[in-house]
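Reader: Please take one part of this model and go through it closely, piece by piece. Give the cut-offs for each term you use, and do not tour the whole chain.

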Amino acid sequence: MTMSFVNLYKPPPPSRTLSPSYDAYLPPPFPLPSYDAYGPEPYDINVAFPIDFSALESPGVKLVPFIPRIHFPTYFAGIPDPNHFYRYYPFEKQHSSDLIEAVEFIDNFIRKDVNSIMFAIIDKATPDPEHDFGGSLAGTLALLDYSPSNLSVEFGMMCILPAFQHTRVAIEANGILLRYCFQIPNASSPGLGLRRVQILAHADNTPAISLAKRIGFKEEGIMRWVRVLPKGKELVGMAPRENDLQKGYGRSTTVLSVTWQDWERGGKERVDKDMAKNTSSYVDEVTSSRNHSKL
């Protein structure tokens, strides 16, 4: 299936106002067009900030729009235990065993938010003869809550499929996106020119926090009891007090960030070094794969 997508986002008329609490525009006074659970066709990524997909690629990995109709069946099939895979995420529908219900979560949580976009991570070194991905689907990564006024964004939905965990893929995908976030728009390789990129991780999600620190994020602190978790998250939540107003268990969140100062004071060199190491690893993988195919 050919990957086809558009960006039909249009700024609201000047008379529209901004929400006092968020950068996102208030909902339009007209209903969104109807479509099935997989989203409109061609897929409308509906994003309010510029994305140059040609800049979101390295020799070994590329980031493309996550298009549910194309990517989700493969992604869904790559998660044998959704409850365990999504255990640290604070959402109810995301881990549904119902494919349609799970894909609707993406539309409601990501696509309808003009300040967010989800990417499919493609491992170019691992062929997938069954799909025209240009490699294998290795997971997802998203930009969430982009703020043009504060020049900030959150990295989220960093979900690496089990078959690709503990490989170079996660580090390289995050490196590609960090580079794009901090590059100045008028640079030879333009980016978003942000001041801050943050990650909000479940305080007990040691693998995610360790990975974030590995790629240069600094821990700022923990927001305690910041979320009420939905039913089914008791194993990773904190029990509420007796007679609490909510039945759901609580979550604390570790806040990590990279700022433009971190980026210019060694962060960029750190990412470049990791990317160069991964490029060498990618060349070795491709060479090994070609030699194997000749046997």
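Author: The side chain of Ser-147 makes a polar contact with the backbone nitrogen of Asn-150 at 3.0 Å. (Such a contact is an N or O pair within 3.5 Å, with one atom able to donate a hydrogen and the other to accept it; residues adjacent in sequence count only if both atoms are side-chain atoms.) The model is predicted, so local features need pLDDT of at least 70 and side-chain atom pairs pLDDT 80 or more, while totals for chains, interfaces and linings use all residues. Residues are numbered from 1 along each chain as its sequence is written, and side-chain values use heavy atoms, without hydrogens or water.

Ser-147 belongs to strand E5, which spans 136–147. (Helices, H or I with at least four residues, and strands, E with at least two, are DSSP runs numbered from the N terminus.) Ser-147 counts as buried because its relative accessible area is 4%. (Buried is under 20%, exposed over 50%, partly exposed in between, with a 1.4 Å probe on protein chains only.)

E5 is one arm of a hairpin whose other arm is strand E6, with 4 residues between them. The two strands pair in the antiparallel sense over 6 bridges. (Pairing needs at least two DSSP bridges.) One of the residues with a bridge partner in E6 is Ala-142, matched with Gly-156.

The turn of the hairpin holds Leu-151, in the loop between E5 and E6. Phi of Leu-151 is near 50°, a positive value in a residue other than glycine. Most residues other than glycine have a negative phi. With a relative accessible area of 24%, Leu-151 is partly exposed, in contrast to buried Ser-147.

E6 itself, residues 152–160, is mostly covered, as 9 of its 9 residues are buried. Besides E5, E6 also pairs with strand E7: 4 bridges join them, and here the two run parallel. E7 spans 196–202, and in it the bridge partner of Val-153 is Val-197. E6 thus takes part in an antiparallel pairing with E5 and a parallel pairing with E7.

Two residues of this stretch deserve a separate entry. Met-158 is found in strand E6 and is buried because its relative accessible area is 18%. Along the chain, Met-158 and Ile-199 are 41 residues apart, but in space their C-alpha atoms are separated by 9.8 Å. Cys-159 is buried as well, with a relative accessible area of 3%.

The two also turn up at the pocket. The largest pocket has a volume of about 1200 Å³. Among its 42 lining residues, those closest to its centre are Tyr-89, Met-158, Cys-159, Asn-205 and Ala-208. (On a 1 Å grid over the protein atoms alone, a pocket is an open set of points where a 1.4 Å probe fits, with protein on both sides within 12 Å along at least five of seven lines; lining residues have an atom within 4 Å of a point. Points join across faces, edges and corners, and the volume is the space filled by probe spheres set on them.)

E6 gives the largest share of that lining, 7 residues. E5 and E7, the pairing partners of E6, are among the elements that each supply at least two lining residues. Others in that group are helix H2 (82–85), helix H4 (169–182), helix H5 (206–214), strand E8 (218–228) and strand E9 (250–259).

E8 and E9 carry some local detail of their own. Trp-225 is found in E8, and its phi is near 50°, again a positive value in a residue other than glycine. Trp-225 counts as partly exposed because its relative accessibility is 48%. In E9 sits Val-255, which is buried, with a relative accessible area of 10%. The C-alpha atoms of Val-255 and Gly-221 are separated by 5.6 Å, although these residues are 34 apart along the chain.

To return to the starting point: the part described here is the hairpin of E5 and E6, with Leu-151 in its turn. Ser-147, at the Asn-150 contact, reaches a backbone nitrogen with its side chain. On the E6 arm, Met-158 and Cys-159 are among the residues closest to the centre of the largest pocket.
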